[in-house]
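Me: I'd like a close look at one part of this protein, the place where two neighbouring helices pack together. Could you walk me through it, and then show me how it sits in the rest of the chain?

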Amino acid sequence: MSLMTSILRRKLLHGRAPVLLQIRLLSSSISRFETTSPQLQRIEKILVANRGEIACRIIRTAKRLGIRTVAVYSDADKDSLHVKSADEAVHIGPPSARLSYLNGSSLVEAAIRTGAQAIHPGYGFLSESSEFAQLVEDKGFTFIGPPVSAIRDMGDKSASKRIMGAAGVPLVPGYHGSEQDIEIMRLEADKIGYPILIKPTHGGGGKGMRIVQSQNDFIDSFLGAQREASASFGINTILLEKYITQPRHIEVQIFGDKYGNVLHLYERDCSVQRRHQKIIEEAPAPCVTDEFRSLLGQAAVSAAKAVGYHNAGTVEFIVDTVTGQFYFMEMNTRLQVEHPVTEMIVGQDLVEWQIRVANGEPIPISQVQVPLSGHAFEARIYAENVPKGFLPATGVIHHYHPVPVSSTVRVETGVEQGDVVSMHYDPMIAKLVVWGENRAEALVKLKDCLSKFQVAGVPTNIYFLRRLANHRAFEEGNVETHFIEHHKDDLFVDPNNKVISKDAYDAARLGTYLVAACLCEKERSAFQESHSRGPSLLPIWYAHPPFRVNHHAQSTMELEWENEYDSSSSKRLMLSITYQPDGNYFIQIGENSAHSSEVKASHLGNNSFRVEADGVTMDVNLAVYTKDQMKHIHIWHGPHHHYFRQKLGFELSDEDEMRHKTSFETPNHPPGTVVAPMAGLVVKVLVEDGAKVEEGQPVLVLEAMKMEHVVKATSGGYVQGLKVTAGQQVSDGCVLFRVSNNGESRVGEHE
C-alpha cells in the first residue's frame, strides 16, 4: 500500500490527471482518518435537505462511504433524479419553496421519521440559516456544516463586515448597520456616493442584488431587493456598498475541523457572471501571482479562525483591477456550487471531508500538503433564453445527452431526459467540469465538451457559453465581472448584421440538408427492418431499381428554422428530396438549383448517423419529439446545433389552428401590447387598469426561479386590459396589458 500511495502522490503533485477523484489518495484520505478517529462511520444515515444536482452529488459520496441517504421532495419533484438516487425519500410539501425546502420543521420531522442521524443542507435554501442549524442540533441531529455561531456571524453580511473590519481585513466602503428605514438608507447611499450596490444581508447567488446608478432609482431598487431577499431567504434586511466599477470576483475555499485546524484549498475566479450569478468558474484564478495567491489564502484562513470556523466555507473577495487591492466581500458558510473545480485541482472529495469532519475527525492533510495540480473550469448550463436577457425558461427536457464522464470530465446534474424544468426553482440543468494539465489544455477540453453537450426541449445557454469560451479575452484570462457587458458586441449576435445573418443561414441550410437525409434514411431503415422479405416491399420512392425506368420519385418536406441568433424570427424552408439509385439523397431548397446538395446518410442506431455531404464526412445526432401538434427536430453536426419545426399531417380546428400557428404565421398583437417575457408568478401590480403611464414606467413585477423581473410600459399612454393580480401564475408570451397610444407595437421591456 505504501508504494501505491507514493505513486499516487507523485502523480498528483506533478500535474497528472486528478486520479484521486477515481482512486482517493490513500495516505491523506484514509490512513490519517482511520488512525485518528475511533468513531469512523458514526454517521450511518444522512438526510439531504435539498434537491437537484447538489442532492445527487451528496448522495453519490455518501453511498461510496456506505452511508444510507434520505431525500426530501415537493410535489413538483416527486419523480426527480435525487429522489430516485436516495435510499429513502420523504414528501415535504407543495412546489413553493417557502412551503417545502424552506420549511425547517418539515425537514427535521422527515429526519425523525426515517431515523437519520445527520442533515446535510447542500447549498441555497436553508444551508446558511443559523435558525435551521440550531433546530437540527436541538433535535439531536448532526448538522453537516459549520457551527451555528459562525453561520450567524458570517450569514449576516453586515455583522461579518464589522468582524472582518475589527480583524484588519480590508472592506469596501459602505453601510453595514442594522437600520433599515428607507429614508435613512437613502441618506446613507448619498454619503457613500453613487453608483452603489444594494445587497441582502443574508443568502447569496446574486438574488436581491441591485446596482443603483442614481438617487432617482434608489427607492424602487431597495424595495425590489427586499422582496426578492424575503422570497429567497426569508429575511429582507439590506446593506449598501460602494460599487467598484472594474472588479474581479475571486474566492478562496477554506476548510476547518473541530480541533482548530483551518487551511485553504486555493482560489477560484468567478468573475464571469450574468444577472449577478456566476456562469463560468475556474481554479486557480488566471493572471494571479504566487504572492497575491498567498496573501488571499492567508486572509481567508484568518477570517475563518476569527469566527471559530469548521467544515467547508468560502471567503469571497472583490479585487479592484485598477489598484490591485482586494477587499473582503462575504463568507459563504456552506459548500459552494462551484466546489468541483477545487476538487479537481487538489484531488479531494470535499463532501467526504464535510462528513468526516462532522464525525469529529481532523482535516486529513496540512496546508503544506495541499497540492495544486493543473487547471479546472466549470460551466453552468441553464434553461434560459439568452436573447431575452437570460430570462429563465421552463418546460420538458425532451432530449438530454451530456458528454461522457471520465477522470478529467464531470457532469454534475439533477435531471434526466423527460424531466420538467419548473418555474419554482433554479433553472440550472447541469454543471460541466473539466480538468487539464494547464489552463490552455483545460479550455480546449471545455470548448469540445460544450459542443457535444445536447439538450432539447427548453432553450439553454450552451451556445452562449461556447462563444464566451472562444472569446480571445477569455482565452487570455482577462476576466472581470463586467466581462459580458464589455464584450456584448462579440458575445451576442446582432440579427440585423447582414454578414452574420448570411453565415447563420448558410450553416442552417446545411443543417436542413442533413436533417432531411437523416429523417428519410431512418424511415427507410425502419421499413427495411420491419419487412425482412426484401426491398420490394419498401415504399415506391425508396424502390431500387426505380419503379419507373429513368424516373426517380421525389418527396417534399417543409421545415421551419428557428434562428438561434434571433428568438423573434424564423424561416420557412421547402425541400425537394430525391432518393437516388446509389442510395444517396439529392436535396434541393425551393426552386433554386444553386441551393442543393447530395447527401449520403448511414443510420448508426437511435438518432445517430454518419453523413457525407459536399465531400465532408461527419457524425450527426438528431433529437425528434412532438409538442403542441408540431414535430420538433434538433440536429448537432460539428460545432453547430440547429432547431427546426415541422407541421404534423392532420387538420386542426380553426381555434387550434390559431393557437398552434408557427411564429412566421402568427399575427402581431395590437400596438402597445405587452406580453409576459417568461412564465412566472405575479408578485406585485404597481398600477391600476386605466392608469396613465410614462414610457419605461414599471407596471407589474414577475417572479420566477426566485428572481424578480419588472415589466414596464413600452410607451406613454393609458393601461388597458390589465387583468392579472398578485399571486396569479402567467405563461410565457401571454398578454399582460396594452398601452393605448399611436406608436408601433414593441415587445415588453423587463429587467
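Reply: Here's a walk through the pair formed by helix 14 and helix 15, followed by a tour of some other spots in the chain.

Bear in mind that you're looking at a predicted model. For orientation, the chain has 751 residues, and 56% of them are buried. It holds 20 helices and 40 strands. If you take the contacts with a separation of 6 or more, 64% of them are between residues 24 or more positions apart.

Now to the pair itself. Helix 14 covers residues 439-452 and helix 15 covers residues 462-469; their axes come within 10 Å and cross at roughly 155°. Since angles over 145 degrees count as roughly antiparallel, that makes helix 14 roughly antiparallel to helix 15. As for handedness, the crossing of helix 14 past helix 15 is left-handed.

Who's touching whom? From helix 14 you have Leu443, Leu446, Lys447, Leu450 and Ser451, and they meet Ile462, Leu465, Arg466 and Ala469 from helix 15. Sort the residues of that contact by type and you get six nonpolar, one polar and two charged. The spacing along the chain makes sense if you remember some helix geometry: an α-helix has 3.6 residues a turn, so residues three or four places apart point the same way.

Helix 15 is mostly covered, with six of its eight residues buried. Those six are Ile462, Phe464, Leu465, Arg466, Leu468 and Ala469. Notice that Arg466 is in the buried set and also takes part in the contact with helix 14.

Next, the wider packing. The largest nonpolar core has 81 residues, and the ones that touch the most other members are Tyr400, Ile429, Leu432, Leu446, Phe453, Leu468 and Phe474. Strand 22 (residues 428-436) gives the most to this core, with seven residues. Two names there should ring a bell: Leu446 is part of the helix 14 contact, and Leu468 is one of the buried residues of helix 15. As background, nonpolar side chains tend to be buried together in soluble globular proteins.

Phe474 is a good one to click on. Leaving out residues up to four places away in sequence, Phe474 touches Val272, Ile280, Glu282, Phe377, Arg439, Leu443, Leu468, Ala469, Val479 and Phe483. That list takes in Arg439 and Leu443, which fall within helix 14, along with Leu468 and Ala469 from helix 15. Apart from this core lies another one, of 32 residues, including Ala504, Ala508, Leu519 and Ile577.

While you're in that later stretch of the chain, have a look at Leu575 in strand 25 (residues 570-579). Leu575 counts as buried because its relative accessibility is 2%, against a cut-off of under 20%. Its contacts, again skipping residues up to four places away in sequence, are Thr512, Ala516, Ser555, Thr556, Met557, Leu559, Ile587, Gln588 and Ile589. With Ile587, which is 12 residues away along the chain, the C-alpha separation is 6.6 Å.

For another helix pair to set beside the one you asked about, try helix 5 (residues 104-114) and helix 6: the axes come within 10 Å and cross at roughly 30°. That makes helix 5 roughly parallel to helix 6, and the crossing is right-handed. Gly104, Ser105, Leu107 and Val108 of helix 5 make the contact with Phe132, Leu135 and Val136 of helix 6. By type, the residues of this contact are five nonpolar, two polar and no charged.

Finally, some backbone oddities. Most residues other than glycine have a negative phi, and most peptide bonds are trans. Phe125 has a positive phi, near 45°, and is found in the loop between strand 4 (118-120) and helix 6 (130-138). Asn606 also isn't a glycine and has a phi of about 50°; look for Asn606 in the loop between strand 27 (596-605) and strand 28 (608-613). Phe125 is buried, at 13% relative accessible area, while Asn606 is exposed at 69%.

There are cis peptide bonds to check too. One joins Tyr194 and Pro195, with omega about 0°, and Pro195 lies in the loop between helix 9 (182-192) and strand 7 (196-200). Another runs from Ala283 to Pro284, with omega near -5°; Pro284 sits in the loop between strand 12 (277-283) and helix 11 (290-306).

Note on methods
Residues numbered from 1 in each chain as written. Predicted model: local features only at pLDDT ≥ 70, side-chain atom pairs only at ≥ 80, totals over all residues. Heavy atoms only, no water. Axes fitted to C-alpha atoms, helices over the stretch in contact; angles between N-to-C directions. Helix = DSSP H or I, 4+ residues; strand = E, 2+ residues; numbered from the N terminus. Parallel < 35°, antiparallel > 145°, perpendicular 65-115°, else oblique. Left-handed = near helix turned anticlockwise from the far one by under 90°. Contact = heavy atoms within 4.5 Å. Nonpolar A, V, L, I, M, F, W, Y, C, P; charged D, E, K, R; others polar. Core = buried A, V, L, I, M, F, W, Y, C linked by side-chain atoms within 4.5 Å. Buried < 20%, exposed > 50% of the residue type's maximum accessible area, 1.4 Å probe, protein only.
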